[in-house]
Amino acid sequence: MKHVVACIDGSASTQSVCDYASWAALRLDTPLTLFHVLDEARYPTETDMTGNIGLGSREALLEQLAELDQQRSKLALEQGHHMLESAKIRAQEDGVEQVHLRQRHGDLAESLHEIEDSMRLLVMGLHGEDTTRTHRIGSQLETVVRTMRRPILVAPEEFTEPKSVMLAYDGSDSSRKGIRLLAESPIFKGLPLHLVMVGADTNDNHAAIESAANHLRELGHDVRFEVRSGEIESTLHAYQNEHNIDVLVMGAYGHSRIRQFLVGSTTTSILQTTNSALLLLR
C-alpha cells in the first residue's frame with residue numbers, strides 16, 4: 001500500500017506538516033510515514049582529513065574538530081528521532097492509526113526519490129529550518145518540486161482544515177486528464193470545488209472549463225467555474241482571497257501556461273506569496 005509521506009525537519013512548519021499529512025492520510029485511508037533526513041552537508045558522518053597529516057598541533061586540532069562534527073551528527077540524529085516520536089503522537093491524536101517512522105542521513109531530494117514508488121502523496125513545509133524574511137521558501141523545496149513525480153502538498157506554518165478547493169485549469173487534454181485523476185481521488189470528496197481558468201473569456205475556453213466542471217459534477221462534486229483574464233499568479237491569488245479558498249491545486253501537464261507556471265519563476269513567486277496550502281500535481 002502506498003503511503004502519505006511527511007517531511008519532518010524541526011522548522012516552524014513541522015506541526016502544520018504533520019496535521020496536513022494526518023488529514024490527507026485519513027481522507028485517503030492510507031498509512032502515514034513521517035520522514036526525517038539529516039543533511040549530510042551540515043552533519044557529515046566523517047570528516048575528510050586527507051592532506052592534513054603531519055601538520056603537528058594543527059593535525060591534533062583537526063582531529064578534535066572531526067570528533068566534534070561526529071558528536072554534532074549524533075546529537076542531531078537523536079533530536080530528529082525525538083521530533084519523529086512527537087510527530088507520531090500528534091498524528092495518532094489526529095486519528096491516524098498506521099504511523100511509520102523513517103530516518104536517513106544524506107540528501108533530501110535523493111532520499112525522497114529512493115522511496116518515491118511507495119509514495120501516494122508527499123507533504124512538505126513551505127518554510128524550512130533555514131527560512132528567513134528574504135527567503136520564505138525552504139531551500140530544498142524547489143529542488144524536490146522539480147525532481148519528484150508524485151503530488152506534493154505544500155503546507156504553510158498554520159494548519160487550516162480544508163473546507164474548499166480551487167483547481168487551476170488550462171483546457172489542454174493533459175490537464176483534463178489531471179482533473180479526472182484528481183476528481184476520482186477521495187481526498188477532496190464532499191468539498192466544494194472552484195475551477196478557474198486564467199485566460200481570455202472566449203467561447204472555446206468557456207466550453208472547455210464547463211466540460212471539466214460537468215465531469216466533476218458527474219462524480220458528485222459541487223463545482224463552480226470561472227474564466228478570468230490577467231497574470232496567472234495575481235489572478236489566482238485574487239480569486240482565492242475573494243472566496244476564502246483553503247487549498248490551491250495546480251497541475252503540470254504538457255507545455256501549457258500551467259506547465260510554465262510550475263517549472264518557471266512563477267512557481268517561486270507563488271510559493272513566496274501564498275498563505276494557504278498548495279497542492280502541486282506532477
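# A tour by way of two ring pairs

Begin by selecting Phe159, which counts as partly exposed because its relative accessibility is 29%, a value that lies between the 20% under which a residue is called buried and the 50% over which it is called exposed. Keep in mind throughout the tour that what you have open is a predicted model.

Phe159 is a good place to start on the aromatic rings, and a search of the whole structure finds two aromatic pairs. Add Tyr20 to your selection and look at both rings together: their centres are 4.7 Å apart and their planes stand at 75°, so this pair is edge-to-face, given that an angle over 60 degrees earns that name. Now show the chain around the two residues, and you will see that the pair links distant parts of it, with Tyr20 in helix H1, which covers residues 14-28, and Phe159 in the loop between strand S5 (152-155) and strand S6 (165-168), 139 residues apart. Is Tyr20 buried or exposed? With a relative accessibility of 2%, Tyr20 counts as buried.

Next, select Trp23 and Phe188, whose rings form an aromatic pair that is tilted, with 6.4 Å from centre to centre and 40° between the planes. This pair, too, links distant parts of the chain, since Trp23 belongs to helix H1 while Phe188 sits in the loop between helix H5 (173-183) and strand S7 (193-198), 165 residues apart. Trp23 has a relative accessible area of 9% and is therefore buried, and Phe188, with a relative accessible area of 3%, is buried as well.

Leave the rings now and select Asp39, which you will find in strand S2, residues 32-39. Asp39 has a relative accessibility of 25%, so this residue counts as partly exposed. If you also select His105, you can compare two kinds of distance, because Asp39 and His105 are 66 residues apart in sequence and yet 6.2 Å apart in space, taken from C-alpha to C-alpha. Setting aside residues up to four places away in sequence, Asp39 touches Gly106 and Gln140.

Finally, clear the selection and view the whole protein, in which there are nine helices and ten strands. Of its 282 residues, 48% count as buried, and the protein exposes about 14,200 Å², of which carbon and sulfur atoms supply 46%. Among contacts between residues at least 6 apart in sequence, 77% join residues at least 24 apart.

Methods: Residues numbered from 1 in each chain as written. Predicted model: local features only at pLDDT ≥ 70, side-chain atom pairs only at ≥ 80, totals over all residues. Heavy atoms only, no water. Phe/Tyr/Trp six-rings, centres within 6.5 Å; stacked < 30°, edge-to-face > 60°. Helix = DSSP H or I, 4+ residues; strand = E, 2+ residues; numbered from the N terminus. Buried < 20%, exposed > 50% of the residue type's maximum accessible area, 1.4 Å probe, protein only. Contact = heavy atoms within 4.5 Å. Areas by Shrake-Rupley, 256 points an atom, 1.4 Å probe, with all protein chains shown as cover.
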